[in-house]
Amino acid sequence: MSDTIVLSGKNICMDFSSVRVLHNVDVQFQRSKIYGVVGENGAGKSTLMRILSGFLQPSDGEVFVENQRVYLNPIKAKSMGIILIPQELNLVDTLRVYENIFLGDEIEKNLFLKKKEMIEKTQQYLNRFGLKIEPRLYVSELSPAQKQMVEIIKAISKQVKVLIMDEPTSSLSEDEIGKLFEVVRSMKISGVTVVFISHKLREIKSITDDLIVLRDGRKVYEGKTEQLTEKQIAELMIGRKLEELYPPRSKPTEEVVLEVRNLTAKDGTFRNLSFKVFKKEVLGFYGLVGSGRTELMETIIGIRKLEAGEILLDGKTVNINSPQSARDLGIAYLPEDRKTAGIILSLQSFMNTTLMSLEKFSKILLKRKDEIKTFKNYQQKFDIKARTPFQLAKTLSGGNQQKVVISKLVLTGAKVFIFDEPTRGVDVNAKYQIYQIMHQMIEELGVTFIVVSSELPEIIGLCNRVIVMRNGRIVGVVTGEEINEKNLIYLATGLEEGDSYSG
Amino acid sequence: MILIAAKKTFRSINLSKYLIVFILIGLMVFSGILSPAFLKPRNILNIFWQTSYVGIIAIGITFVMIAGGIDLSVGSMLALLGAVAIQLVNKFGDRTSSVILSILITYAMAMLLGFGIGLLTTKGRIPAFVTTLGGMAIYRSLVLNFANGGVYMTMSQKYTSMGMKFVLGLPLPMLVFIIYAVVAYILLDKTKFGRHVFAVGANETAAMYSAINVDMVRTWTYVVSGISVATSAILLSSMMSAVSSSSTGNGFELDAIAAAVIGGTSLSGGKGSVFGTFFGALILGVINNMLVMLNVAVYLQGTVKGLIIIGAVILQNLRRE
């Protein structure tokens with residue numbers, strides 16, 4: 001029974017404005033199995049998944065559900081139990097949690113909604129994930145991670161045979177990922193097929209049975225996940241040998257560039273934080289969601305108001321009350337949420353690059369030629385894959401968008417860069433390139449980095465020193481050899497050695 | 001099916017940017033066939049002239065809309081500023097210097113009002129729809145109150161000769177409209193301020209993180225709108241040598257917004273152009289003129305206008321993939 005093929009695609013081809021993005025891809029998904037689909041941005045993963053769930057019609061090829069040839073549309077796919085959770089969240093912010101979960105499938109009786117039943121069912125799902133969310137809360141009040149969990153619950157609350165998840169974990173904490181995986185495994189046992197797209201190869205290794213690797217729209221591997229190492233998977237994805245992912249560690253000087261003394265947030269998210277950053281250092285900030293990392297950084301760059309405390313730059317107290325003053329002082333911040341805070345999708349690529357430094361290109365009128373020259377310069381240096389400088393940022397892949405945002409920050413001539421989740425939703429190759437860019441900047445320009453990340457390997461691979469935060473406080477500083485998974489997790493969760501940690 | 005076919009055609013001939021010009025030409029040819037008098041130079045000049053007043057205001061509103069706002073107060077503000085200009089001229093006497101002084105004071109007042117509405121909207125965190133709706137009511141009521149519902153008139157030769165002046169054979173309002181459009185185009189497309197307007201309207205959060213003072217950029221778009229209204233108010237009141245407290249500027253806000261929208265300006269911000277608005281305004285002008293020339297029943301003219309506006313926007317949407 002478990003060998004039954006529930007969903008398959010034969011010879012799938014896809015063209016977007018006469019550019020072929022999928023070439024004769026064959027895939028088969030069996031019942032009760034967890035599949036991983038990996039590939040670089042632009043490899044065709046999302047396109048393939050959207051075809052298999054009816055959101056796109058293939059230019060050529062056939063889709064089968066339980067060996068029946070089908071022509072899917074989203075509604076038909078849903079009724080057949082094929083459900084896609086897209087990368088972009090599709091929740092209605094102004095509706096409540098339970099209303100979102102039952103959106104389009106409201107439980108009703110004689111035209112009236114049965115609210116109580118919907119709330120109860122929602123509560124059951126929330127409990128199953130160990131989520132402490134009140135079903136009647138508005139979605140707008142949830143954190144990104146909580147929203148992601150609600151989206152997942154929404155999908156699995158339906159009759160589901162095949163669940164396709166496009167990067168479900170990119171905004172989840174380790175703890176929440178653990179919970180999600182538990183649910184995925186129990187779904188598998190109950191006969192559901194789960195297709196899991198992720199850039200995090202560690203997760204792919206730990207959860208999937210079978211693996212499909214796509215590269216440039218072609219299937220380059222299909223088989224058991226356990227037969228490959230993470231490195232081999234990455235090499236299949238990029239089609240060449242992978243150098244060491246992380247650059248050599250920088251050598252910080254004795255000089256203190258940025259110092260924070262007794263910083264306290266006005267809204268109470270953190271209290272009494274003090275730390276120093278040395279020139280050419282990469283200082284990591286690690287902590288669970290809600291530990292106050294991002295809030296701290298946003299306070300340093302003047303987006304949030306501080307209640308008390310001092311910020312010193314090169315030994316002098318500075319007053320930062322707006323992002324403008326932070327920029328003028330040479331502090332640049334890469335926001336964690338690229339699409340809402342980093343890049344302006346409807347602006348042309350070069351305009352994103354020059355947005356923070358327009359005075360460099362104008363007295364009164366902007367010199368567009370110079371702007372474009374500057375963009376091309378970064379395009380070459382950072383390997384930004386854009387056809388022209390005029391290409392709208394929304395048509396760039398995630399990794400290239402992130403590189404554009406980085407070019408915007410570098411152009412300001414900042415000395416201190418605060419990178420919040422710099423590689424979220426970015427493929428291995430772009431990740432490697434972003435690390436290289438950081439390394440290059442430290443060596444060539446002598447700049448300093450603060451890296452906030454919930455990805456442990458990234459923190460461990462990049463940082464000279466890591467500050468761990470919990471509930472708005474600094475609970476530890478780890479240096480050099482001590483920077484390892486165990487130490488960081490113990491500090492971040494507050495568990496002692498010997499306590500059991502599930503995650 | 002027709003929509004899909006139309007979509008393909010438009011994509012293949014990539015006339016996206018100039019689509020609006022073709023629509024205008026198409027409308028003019030159409031009108032010319034139905035009524036040959038339409039294409040007489042005198043009539044074309046008249047259309048251009050009559051369009052100038054709303055057109056100038058529409059250009060200002062384009063800035064506001066691209067930054068993600070809306071300005072409903074422009075019609076009432078036009079009456080208020082026109083009345084102020086006339087009263088000042090009457091007070092200062094019929095000299096060139098006093099006309100100039102009156103105009104300068106009118107502009108100063110317009111900028112102040114725009115700045116005030118802008119601050120109220122941004123710092124006060126009140127939706128622009130509400131603040132400018134309030135402005136619309138307040139300005140109109142002030143004009144009505146001080147004129148007791150009547151008309152503001154001026155006998156100043158110097159002032160009234162301005163509005164009827166021809167330069168190089170072209171009516172002054174039309175020339176001002178064209179020059180104003182060019183200057184506005186440069187401001188929007190070639191300056192830091194213009195770039196910031198787009199950024200703020202397209203993604204407020206990202207603009208804030210990019211060290212752009214979002215509130216100030218938005219506020220200044222209302223100043224630009226105020227300046228546009230003042231320009232139009234001066235041209236209109238000097239041409240008419242009067243401002244009616246009850247009817248001058250009525251419905252201008254809707255025509256101005258319609259012109260911007262026909263020209264491709266997005267109601268949700270981040271998109272638009274002076275080029276588009278300029279031709280959008282002319283399209284509206286042609287439609288108005290055509291309806292009169294073709295003897296369409298007065299009460300039905302609104303229906304035709306409405307349908308054409310909606311149609312133009314559908315075309316705009318088609319050319320987006």
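A residue is taken as buried when its relative accessible area is under 20%. By this criterion, in the predicted model, strand E18 (residues 331–334) of chain A is covered on both faces. A:Ile331 and A:Tyr333 on one side are buried, as are A:Ala332 and A:Leu334 on the other. E18(A) pairs in the parallel sense with strand E19 (residues 416–420) of chain A, over four bridges. Within E19(A), A:Val416 is the bridge partner of A:Ile331.

An open sheet is formed by four strands of chain A in the order E14-E13-E16-E17, with antiparallel pairing. Strand E14 (273–278) and strand E17 (316–318) of chain A are the edge strands, each pairing on one side only. From one strand to the next, the twist averages 20 degrees. Strands E13 (residues 256–265) and E16 (residues 306–313) of chain A are joined by six bridges in the antiparallel sense, and A:Arg261 has A:Glu310 in E16(A) as its bridge partner. Helix H9 (residues 293–300) of chain A lies across E13, E14 and E16 of chain A and runs at about 115 degrees to E13(A).

Four cavities of 30 Å³ or more are present in the structure. The largest holds about 90 Å³ of space. Its lining draws four residues, the largest share, from H15(A), and comprises seven nonpolar, three polar and one charged residues.

The second largest cavity holds about 60 Å³. Its lining includes A:Ile331, A:Ala332 and A:Tyr333, together with A:Arg327 and B:Tyr209. Helix H10 (323–329) and E18 of chain A are the elements that give two or more residues to this lining. By class, eight of the lining residues are nonpolar, none polar and one charged.

Definitions and conventions:
Residues numbered from 1 in each chain as written. Chains lettered and ligands numbered in written order. Predicted model: local features only at pLDDT ≥ 70, side-chain atom pairs only at ≥ 80, totals over all residues. Heavy atoms only, no water. Buried < 20%, exposed > 50% of the residue type's maximum accessible area, 1.4 Å probe, protein only. Pairing = 2+ DSSP bridges. Axes fitted to C-alpha atoms, helices over the stretch in contact; angles between N-to-C directions. Contact = heavy atoms within 4.5 Å. 1 Å grid on protein atoms, 1.4 Å probe; cavity = no way out; pocket = protein on both sides within 12 Å on 5 of 7 lines; lining within 4 Å. Points joined across faces, edges and corners; volume = space filled by probe spheres on them. Nonpolar A, V, L, I, M, F, W, Y, C, P; charged D, E, K, R; others polar.
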